[in-house]
Amino acid sequence: LKFVCLSNDGIDEHMVWLIGLKNIFARQLPNMPKEYIVRLVMDRSHKSVMVIRRNQVVGGITYRPYVSQKFGEIAFCAITADEQVKGYGTRLMNHLKQHARDVDGLTHFLTYADNNAVGYFIKQAGGEGIISCGQGIKKDIAYDSIQNGVETLAWYNFTVLRKEREKRRRALSKVLDAPTEGFTKEIYLEKDRWHGYIKDYDGGILMECKIDPKLPYTD
Ligand code: ACO
């Protein structure tokens, strides 16, 4: 299993993967015109993060980085039907965040999420089993109060049960009165950074995700 991030660079193997991804999007996003999908996936200003297994594309995310504005727009996101809800979508999002931050220099993502995918986007907080905490005093206090002072490490790297992770994320978010790294329906990014860059789209809900500046999203 591997994760790659690439755009239409003319390399044969990359073209085969991009076409595979385009076909997954066409099946999984039936409301999107097929020509539109092909155009964006093959457009050189868009990039695609893909999960590849045995040289086959399992799913991916196509996005456009607006480097000068430091945000990216997720155009399409899908996993092939028989591989959904196995964790690939989450791992893909983590690879996307890591790449967008470290290679493109982005701080945020915006996307028009389909109604039925809002739940998936909300859940995309933190890294693979890693919780971000203790960045600055405010977070330290927040974390202290949640954990009764037992755990106050700056980077606390551990794997917890999903429910526990979600409970802590919610508690932390509440104390800080700010979102953690999942997507939110509230748009905190200043409007002049994105307005006019992304196209209005009726078919979904605009959501935002802040990329943590330090969190190791992937192993
Ligand atoms: N609604 C609510 N929660 C969801 C959904 C959903 N549609 N899909 C996954 N989740 C949850 C999972 O239950 C899981 O939660 P948990 O950690 O509490 O168990 C979490 O999100 C992550 O699940 P993964 O297994 O990582 O997700 P998956 O690999 O299935 O990928 C995706 C999610 C991309 C939405 C996939 O199901 C898919 O391709 N769906 C059809 C296409 C689609 O709707 N794409 C998004 C459209 S919006 C856009 O493209 C901009």
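This tour moves through a predicted model, from its nonpolar cores to its ligand.

Begin by selecting Ile74, Leu96, Phe109 and Phe183, which touch the most other members of the largest nonpolar core, a set of 25 residues. To see where this core is drawn from, colour strands S2 (47–53), S3 (56–66), S4 (71–79), S5 (108–113) and S9 (205–210) together with helices H3 (88–104) and H4 (118–122), since these are the elements that give two or more residues to the core. Helix H3 supplies the largest share, five residues.

Next, centre the view on Phe183 and show what surrounds this residue beyond its neighbours within four places in sequence: Phe183 is in contact with Ile74, Met93, Phe109, Thr111, Phe121, Ile122, Gln124, Met207, Glu208 and Cys209. Then select Trp17, Leu40, Ile52 and Val57, which are included in a second, separate core of 18 residues.

Now turn to the ligand, which 24 residues surround, the closest being Cys77, Ile79, Val85, Gly87 and Asn116. Three backbone approaches to ligand oxygen atoms can be displayed as distances: a backbone N or O atom of Val85 lies 2.6 Å from such an oxygen, a backbone N or O atom of Gly89 lies 2.8 Å from one, and a polar backbone atom of Thr90 is also placed at 2.8 Å from a ligand oxygen. The protein covers 82% of the 950 Å² of accessible area that the ligand has on its own.

Finally, colour the shell around the ligand by element, where S4, H3, S5 and H4 each give two or more residues and S4 provides the largest share, five residues. Coloured by residue class instead, this shell divides into 12 nonpolar, eight polar and four charged residues.

Conventions. Residues numbered from 1 in each chain as written. Predicted model: local features only at pLDDT ≥ 70, side-chain atom pairs only at ≥ 80, totals over all residues. Heavy atoms only, no water. Core = buried A, V, L, I, M, F, W, Y, C linked by side-chain atoms within 4.5 Å. Buried < 20%, exposed > 50% of the residue type's maximum accessible area, 1.4 Å probe, protein only. Helix = DSSP H or I, 4+ residues; strand = E, 2+ residues; numbered from the N terminus. Contact = heavy atoms within 4.5 Å. Near = heavy atom within 4 Å. Polar contact = N/O pair within 3.5 Å; in protein donor to acceptor, adjacent residues only side chain to side chain. Areas by Shrake-Rupley, 256 points an atom, 1.4 Å probe, with all protein chains shown as cover. Nonpolar A, V, L, I, M, F, W, Y, C, P; charged D, E, K, R; others polar.
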